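Me: I am new to this structure and would like a close look at a single part of it. Please take one place where two helices meet and explain it carefully.

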Amino acid sequence: MYASQPQACSDVLVVKRILIVEDDPILGNLLLEVLQEEAIYQGHLAPSGEMALNMLQTITPDLFLLDYHLPGMNGLELADQLQRREGGEQTPILLMSADLPQESGALEHLRTLQKPFDLETLLQLIAHLLA
């Protein structure tokens, strides 16, 4: 009986926070809904890089899911700022776009996902990045 209680407690600690930065409200809400359906993920949605940076004052994500085309700063610029934050180099970043930049080295330290994508593929990639 006591052996199962620590397991239940450890299951609660497994929840991973994912910050979605997507300016398309339909796609952003769909991604948020898909993540919320998975009991092990807690999703947060920001429509811009600036709002995402502000949200970091109150949450500490385990993964960043970034659109490339964002208002203000683009996803690459945001990823650069996120990686420069204290501990930021340890947090995985997944950059999504239909047309990712091809500059050499621009995507060197990032995982990318070509839009349109299958939601199951996204969930598998997220699970791999958080493993």
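Reply: What follows begins with the whole chain and then turns to one pair of helices.

This is a predicted model, in which local features need pLDDT of at least 70 and side-chain atom pairs count only at pLDDT 80 or more, while totals for chains, interfaces and linings use all residues. Residues are numbered from 1 along each chain as its sequence is written, and side-chain values use heavy atoms, with hydrogens and water left out.

The chain holds 5 helices and 5 strands, where helices (H or I, at least four residues) and strands (E, at least two) are DSSP runs numbered from the N terminus, and along the sequence they follow the pattern α-β-α-β-α-β-α-β-β-α. Of its 131 residues, 43% count as buried, meaning under 20% relative accessible area with a 1.4 Å probe, protein chains only.

Two packed helices are described by the angle between their axes and the distance between the axes. Here the axes of α2 (residues 25-37) and α5 (residues 119-130) come within 12 Å and cross at roughly 60 degrees; these axes are lines fitted to C-alpha atoms over the stretch in contact, with angles running from 0 to 180 degrees between N-to-C directions. Because of this angle, α2 is oblique to α5, a word for angles that are not under 35 degrees (roughly parallel), over 145 (roughly antiparallel) or 65 to 115 (roughly perpendicular).

From α2, the residues L31, V34 and L35 make the contact, and from α5, L119, L122, L123 and I126 do, contact meaning heavy atoms within 4.5 Å. These residues divide into 7 nonpolar, no polar and no charged, with Val, Leu and Ile among the residue types that count as nonpolar.

Key: Buried < 20%, exposed > 50% of the residue type's maximum accessible area, 1.4 Å probe, protein only.
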